[in-house]
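Good morning, everyone, and thank you for making the time. I would like to walk you through one structure, so please have the sequence and the model open as I speak.

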Amino acid sequence: MRWLLGLLATVFILAIAGAGAILYGFYHFGRGLPDYDYLADYEPPVVTRVHAGDGRLLAEYARNERVFVPIEAIPKRVIKAFLAAEDKNFYEHPGVDFVSLLAAVAINVRNYGTGRRPVGASTITQQVAKNFLLTNEVSLDRKAKEAILAFRIERSLSKDRILELYLNEIYLGYGSYGVAAAALNYFDKPLSALTVGEAAYLAALPKAPNNYHPVRRHAAAVERRNWVIEQMRRNGFIGQAEAGAAQDEPLVTHGSSASDVASADFFAEEVRRDLARRFGDTALYEGGLSVRTSIDPQMQVIAEQSLRAGLEDYDRRHGWRGPVATVPVVAGWGDTLAAIEPPKGLGTWKLALVLQVGAKEARIGFADGSLATLPYAEVKWARKWLEDQRFGDTPKSVEDVLAPGDVVPVEAVEKDGDGKAYPAGTYALRQIPDVGGAIVALDPHTGRVLAMSGGYDAKISEFNRATQARRQPGSAFKPFVYLAALDSGYAPTTQILDAPFVIDQGAGLGKWKPSNYTNKFYGPTPMRIGIEHSRNLMTVRLAQTIGMEKVVDYAERFGVVEGMQPHLSYALGAGETTLMQMTAAYGMLVNGGKKIEPSLIDRVVDRHGRTLWQHDERPCEGCDRAAWDGGAPPAIPDTRAQLVDPASAYQIVSMLEGVVQRGTGRRIAELGRPLAGKTGTTNENFDTWFVGFSPNLAVGVFVGFDQPRTLGSHDTGSSVAAPIFKLFMGEALKNRPVVDFRIPQGVRMVWVDHDTGVRATPGARGAILEAFKPGTEPTGTRTVLDGGVPDAGGGESSAGAGPRPPVATSGSGLY
């Protein structure tokens, strides 16, 4: 009996000691543990997704790629897969699964000394505690804290909330945080579309994603997936037949399909900068914003292709700058070629090594050892490049251009310039342009940017020449001088003296003598011809007449040039601006003089679906009705500010249409559509522009070197930028109905002679319909504006010319 009492006493003492030890453990390890209460309202950092106008994904911004999905939206098969793999008793245990813990201890004791990896028994709650509140330190101290936190978390949060945190936080490889991101990255599917086998594979990854890589360790990945499927069957989550079918399912992963993704690198980067300015980096990279942009993916493709084709065409016209590299043609040349880093911007072209060269063709080889032919017809463009964008004579043979050992970019071609088929394996010599350029297309009625490319390739440089390059627009600015005059009461038929113009700029500055591009003088000429043929002297005299202060006012109204000075040289486009500003300003001409702001973003929504910002802020009473009752649609007010008289705006549109029909942009008339626009070229041909529009689409093109230098002595907006505009408009409007420019109320269309501006009979030679405001139609009396400057060329002087404004400073005639 004594020994029994002693045993009971010992057990009692040990029990007291054990309880005390447990309580002390809770006290010791529980001191200073992190606060877990915030988990109740925790919102993990999630990816911001940017979508194109048609809903396709354009870009994602995040520090960790995570898509947060509420537990209610996670399919049951996904939840069951993770419970089977990680914590089958999750809904029964209090935070620590003692049954699984004892089983793990037994297994580890049995395997001691065998070299096998110890078996763990962490519950999902413990993993939440570790992932959110602790470190990954492997120690008994951390495990004790993990268990204590698990008990506390279970008392504070529901099981569903704990599981929601776990499934959205866990790292599953491929840069994926959470099950939703993993489903997209591994299978290009939403969670709802995952099969049992795919869900089981994701559930196999939490312990060690790299150990079960679907490609590098495919066999291990399949084995682990099938183990999870078996656990699902054993726990009654799926039946035998379903488990068998899932285990037989091939494990095939793939990324996002091209049809669901839009590409626009310069546009996406501009959106990123805009979001960062508006909402800050934290919201951008962690806030889970949903951003709908204005971009039209189809139009974006056309814009990028048109710009690239135009830059390539310009570049080839100015000669061959030489091979990418030169290497010896010896055994193992394929490995040597493979080791050469492809130049940025190579795109779909390939690097080839010139092996043999003859007069009519060259034999080339690729890194994989395959061979091809480079015929003379695809090389003869490569005249030698000379300084100042000059070029040498046309090569007479391939030997004049290439030599064995040259590493050159090439592109596969199927037909020659005459449409005759080439033999298989024929390539053309190519060259990555070193000139910069940009294109912008926007809706002139709303300002929504539909397409934008800021250069040949964003991989070469992320510098966006559409929004970041501030350059002189040259004659592309002139429409705003003429608009100011039309709004001041002048008419398209107003006669302006085209004669030499000299003005003293002040002490020590010398005299300013602008000239026309042709270096000729044409005497009294209708205003329309001045803009159609980009006459500098007429523009300067007109600006002098109405006053440069008025020109500055109109430039600021339309957002063309900021901080513009009232100097006459600015009337010829000496002020700096961006292509985006110019294109938006031209959009305000064709929309009747209404104010618009160019915008790349339509709407920004937070992770809870609340609208944070939207481009269109017009009130719409009745737009929130649950259903349409069949009556009239809600009337949305036009809140755009009216910048100028709509009649003046239309007169400029009509004159710019004349630029396309008869002037510096006449090559665009071949498209046979109502189009208008203006060329622009700066001094020494540093910058070239064409900005124009159809009735519902405004488009701007800029081409110039990033470090300003001449584009060539004969390269102007008409020969460099206008062809890109034409190529874009031809494709963008191909399947759209023909729409005429809208004529506002009050405008009178009168037949006049194009060359003189006097009235003419309909159908007469040289007769055109000209737009007039009531009271400004031709009367037969001719007054010639000379800007108040003494006539140096013998022409007529004006009657009552306006006062002389401040004179021009530097920079002679831009055209």
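I will start with confidence, then turn to the aromatic rings, and end with a patch on the surface.

What you see is a predicted model, so let me begin with how confident the predictor is, as given by pLDDT. The mean pLDDT of the protein is 86, and 85% of the residues reach 70 or more. Two stretches need caution when you look at them: over residues 17–32 the pLDDT is below 50, and beyond near neighbours in sequence this stretch has 11 contacts in the model. The other one I would mention is residues 790–815, where pLDDT also stays under 50, while the model has 85 contacts for this stretch beyond four places in sequence.

Now to the aromatic rings. How many aromatic pairs does the structure hold? There are 17 of them, and I have picked out two. In one, Tyr 174 and Tyr 186 are stacked, with 4.3 Å from centre to centre and 10° between the planes. This pair links distant parts of the chain, 12 residues apart: Tyr 174 sits in the loop between helix H6 (159–169) and strand E4 (176–177), whereas Tyr 186 belongs to helix H7, residues 179–187. Is each of these two rings' residues buried or partly exposed? Tyr 174 counts as partly exposed because its relative accessible area is 36%, while Tyr 186, at 2% relative accessibility, counts as buried.

The other pair, Phe 501 and Trp 512, is edge-to-face, with the centres 6.4 Å apart and 80° between the planes. Here too the pair links distant parts of the chain, 11 residues apart, with Phe 501 in the loop between strand E16 (495–498) and strand E17 (503–504), and Trp 512 in strand E18, residues 511–512. Phe 501 has a relative accessible area of 1% and is therefore buried, and Trp 512, at 3%, counts as buried as well.

Beyond these two pairs, please also find the cluster in which ring pairs link Phe 477, Phe 480, Phe 558, Tyr 586, Phe 693 and Phe 741.

Finally, let us move to the surface, where Ile 743, Met 749 and Leu 769 form a nonpolar patch with about 240 Å² of accessible area together. Ile 743 lies in the loop between helix H20 (717–732) and strand E25 (748–753), and its relative accessibility is 46%, so Ile 743 counts as partly exposed.

How values were computed. Residues are numbered from 1 along each chain as its sequence is written. This is a predicted model: local features need pLDDT of at least 70, side-chain atom pairs count only at pLDDT 80 or more; totals for chains, interfaces and linings use all residues. Side-chain values use heavy atoms; hydrogens and water are left out. pLDDT is the predictor's confidence in each residue, from 0 to 100. Contact means heavy atoms within 4.5 Å. Patches are made of residues with over 30% relative accessible area and no salt bridge: like charges are joined within 9 Å, nonpolar side chains (Val, Leu, Ile, Met, Phe, Trp, Tyr) within 5 Å. Accessible areas come from the Shrake-Rupley method with a 1.4 Å probe; for residues, only the protein chains shown count as cover. A salt bridge is a side-chain nitrogen of Lys or Arg within 4 Å of a carboxyl oxygen of Asp or Glu. Helices (H or I, at least four residues) and strands (E, at least two) are DSSP runs, numbered from the N terminus. Buried means under 20% relative accessible area, exposed over 50%, partly exposed in between (1.4 Å probe, protein chains only). Rings of Phe, Tyr and Trp (its six-membered ring) pair if their centres lie within 6.5 Å; planes under 30 degrees apart count as stacked, over 60 as edge-to-face and the rest as tilted.
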